[in-house]
Amino acid sequence: MKRTTGQDRSITRQWRPATQAVRGGTWRSEMGETSEALFLTSGYTYDTAETVAARFAGEEDGMTYSRLQNPTVAMLEERIALLEGAEACRTQASGMAAMTTALLCQLSAGDHVVAAKAAFGSCRWLVDNLLPRFGITGTTIDAADNAAWEAAIQPNTKVFFFETPANPTMGLVDLEFVCNLAKKHGIVTVIDNAFATCALQRPLEFGADVIAYSATKLMDGQGRVLAGAVCGSTDFIDNVLLPFQRNTGPNLAPFNAWVVLKGLETLDMRAMRQGENALKVASFLETRVPRVLYPFLESHPQYELAKKQMKAGGPILSLELDGGRAEAHGLLNALALVDISNNIGDSRSLMCHPASTTHHGVGAETRADMGIGENMLRLNVGLEDPEDVIEDLDQALRAIGL
Ligand SMILES: *Cc1c(COP(=O)(O)O)cnc(C)c1O
């Protein structure tokens, strides 16, 4: 295995993101394959006992066991790090494995976390249910309110944890303000960047410390595999995250890493086109339903902030109807092209009712606190012709009398 010509990292770092997306992190075997090789192997063999001893002692580079290193996984990690503008990256089996790893690797009993109250259901569950079991307390706040971040800081606050845009309320966090505030207080920011991805938003440029991903979403982009990733400084990844990951084993499988590597080649194109399509669909919906939440609509309360920190609005929007669950389910049941599905980031348009699916598990009280009503629907706009998606939504709205 060797790096392809020009794959010296000091050179690949100079490449523009579109180039990094198709070439960054590529290693080639002696076969000279053009597409990245898939190494479905758990272990490795060695010419001599001294070689393996040197590798375990950290005196020689090389693979020893796929919970520790795998060439296909390493290619994906290097590519994501390049695209994110991060020094280092490690991947995990799912987005939730990434979130859990990013938090537990650095938190201990007695620490405190400030988190956005609107979040993916399982992310909120970590803060409300998992961390307290290990003596880590949390405060959840309205993350759009800059003053709330400052007010929630305690002497033992170690981490700020949030998504922007948030799932599914589409609220944004002011990255520059919150990351600077954290720095002033020695707090580590852990940002779930699943909705925008590095194609549309690079939080490190606003002072973020750790970026955590569900790569299942826009990074794979075709609804095939679960994957997660955590990016940060070399010091954080090697000295804080790796000891946890190597010994607890939330690793990404090589096959899934290979699928996501292929997904990254088209990430920028898909993210931009799906954002364009979503804006068209959001503008149509605004003429037909009481409320549409999409960062690049002028009606979004944080439109100016969206323009500042995002390149485009991304594929996902939420809408609110006047009625309750029956009306929201009625709209879903009337769809002909758009699928009823709780996944996002896919090239297909997918719609779901968060209160009865992704956010069912957090309970009615937490949903109310997050601002997720029975009248809310979330739509992932895919790569279909947006006119077909609009026509489908139009006929479904008519079918329920709207
Ligand atoms: C889907 C999602 C996750 C969880 O990712 P999985 O890959 O499903 O484990 C975490 N955060 C956000 C914002 C998500 O949308």
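**Figure 1. Helices and a strand contribute to the lining of the largest pocket.** In this predicted model, the elements α3 (49-56), α4 (71-84), β3 (88-92) and α10 (234-248) each supply at least two residues of that lining. Seven residues come from α4, the largest share of the lining.

**Figure 2. Centre and volume of the largest pocket.** The space in the largest pocket amounts to about 1,100 Å³. Its lining is made up of 39 residues. Nearest the centre of the largest pocket lie Met63, Gln69, Ala74, Glu77 and Arg90.

**Figure 3. Residue classes in the lining of the largest pocket.** Nonpolar residues number 16 in this lining, alongside 11 polar and 12 charged residues.

**Figure 4. The second largest pocket and the residues closest to its centre.** About 340 Å³ of space lies in the second largest pocket. Of the 24 residues that line the second largest pocket, Ala118, Asp142, Ala144, Thr169 and Gly171 are the closest to its centre. The elements giving two or more residues to this lining are β10 (291-293) and α15 (363-370).

**Figure 5. Two domains contribute to the lining of the second largest pocket.** Domain 1 (2-264) and domain 2 (268-399), whose bounds come from an automatic or database domain assignment, each provide at least three residues of this lining. Sorted by class, the lining of the second largest pocket holds 13 nonpolar, five polar and six charged residues.

How values were computed:
Residues numbered from 1 in each chain as written. Predicted model: local features only at pLDDT ≥ 70, side-chain atom pairs only at ≥ 80, totals over all residues. Heavy atoms only, no water. 1 Å grid on protein atoms, 1.4 Å probe; cavity = no way out; pocket = protein on both sides within 12 Å on 5 of 7 lines; lining within 4 Å. Points joined across faces, edges and corners; volume = space filled by probe spheres on them. Helix = DSSP H or I, 4+ residues; strand = E, 2+ residues; numbered from the N terminus. Nonpolar A, V, L, I, M, F, W, Y, C, P; charged D, E, K, R; others polar.
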